[in-house]
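User: Please take a close look at a single helix in this model and at what surrounds it. I would like one connected account rather than a list.

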Amino acid sequence: MKNRVRELREAHGWSQATLAEHVDVSRQTINAIETGKYDPSLPLAFKLARLFKQRIETMFEPDEGR
Amino acid sequence: MPRFSYKRYNLYVLLLMAVYIAVLFWLWPLARGAGETWWKILLAISPVLPVAAVIALMAHRVLASDELQRRLHLMALGIATATVGTLSLVGGFLAAAKVWSVGGDVLIWVFPALCLVYGVSRMALSRWYTGAWGVRGCE
């Protein structure tokens, strides 16, 4: 799944650790989401979308063919 | 559940392992010379108590992890269970067919083998998902 987490985080000037603190996960989890190695659960995806004041579908987009 | 401090977890595991070693070297050897059966059984299984405490600590740590960390713990546990379970089955069948002569005390090694495969798998999975070898992330 493609996502805009890194782009939005950087736009806010936050480090991965700061974002992790905001959504109550580890920094490693944020890193894995940003690099596309881990797709977050629906509750975490909603948490991220709400934090960045985005619609969930504008933040996360399924890869073609999946 | 609040996040679990990695340092505190390591300290508890270290303390419990020290208790385990102390029990193994000072208490457990008394089992062979014990008279009463109930006392013999109690002494023989005494090393299990600190190990059970470590298992409880591990369970607490997994429950206090975030969703990715929990997935990594469970995947590593799955790999360890499948690996050690298969090897135990192979060993069991070889022993039953009298191909491999092995005593019942080999069962002592099942839990350490599980821990070893779990630890290695956990590190490899952590490396793949997060780019770090460490198993931190719950702090």
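Analyst: A convenient place to begin is the residue that follows the helix in question, keeping in mind that this is a predicted model. Just after helix H5 of chain B, Gly131(B) takes a positive phi of about 85°. The helix that ends before it, H5(B), spans residues 110-130. With its 21 residues, H5(B) reaches 29 Å from its first C-alpha to its last, which is close to the 30 Å expected at 1.5 Å a residue.

The environment of H5(B) can be read from its two sides. Tyr118(B), Ser121(B), Arg122(B), Ser126(B), Tyr129(B) and Thr130(B) are the buried residues of H5(B). Because these residues cover an arc of only 140° around the axis, they lie on the same side of H5(B). The face turned away from that buried side carries Pro112(B), Arg127(B) and Trp128(B), which are exposed.

As for the partners of the buried side, the buried residues of H5(B) pack against helix H4 (67-96) of chain B together with H3 of chain A, and this leads on to the contact between the chains. That contact takes 10 residues from chain A and 10 residues from chain B. Helix H3 of chain A, residues 27-34, supplies 4 residues, the largest share of the side of chain A that touches chain B. By class, that side of chain A has 4 nonpolar, 5 polar and 1 charged residues.

H3(A) also has a neighbour within chain A, since helix H2 of chain A, residues 16-23, packs with H3(A) at an angle of about 105°, their axes being 8 Å apart. An angle of about 105° therefore makes H2(A) roughly perpendicular to H3(A). From H2(A), the residues that make this contact are Gln16(A), Ala17(A), Leu19(A) and Ala20(A), while H3(A) contributes Arg27(A), Thr29(A), Ile30(A) and Asn31(A). Sorted by class, the contact of H2(A) with H3(A) has 4 nonpolar, 3 polar and 1 charged residues.

Elsewhere in chain B, Leu16(B) has its place in helix H1, residues 6-27. Leu16(B) is partly exposed, because 19 other C-beta atoms lie within 10 Å, whereas a residue counts as buried at 20 or more. Leaving aside residues up to four places away in sequence, Leu16(B) touches Pro50(B), Ala53(B) and Val54(B). The C-alpha atoms of Leu16(B) and Val106(B), which are 90 residues apart along the chain, are separated by 23 Å.

Technical notes:
Residues numbered from 1 in each chain as written. Chains lettered and ligands numbered in written order. Predicted model: local features only at pLDDT ≥ 70, side-chain atom pairs only at ≥ 80, totals over all residues. Contact = placed C-beta atoms within 7 Å. Helix = DSSP H or I, 4+ residues; strand = E, 2+ residues; numbered from the N terminus. Nonpolar A, V, L, I, M, F, W, Y, C, P; charged D, E, K, R; others polar. Axes fitted to C-alpha atoms, helices over the stretch in contact; angles between N-to-C directions. Parallel < 35°, antiparallel > 145°, perpendicular 65-115°, else oblique. Expected span 1.5 Å × (residues − 1). Buried ≥ 20, exposed ≤ 12 C-beta atoms within 10 Å, placed from the backbone. Arc of directions from axis to C-beta.
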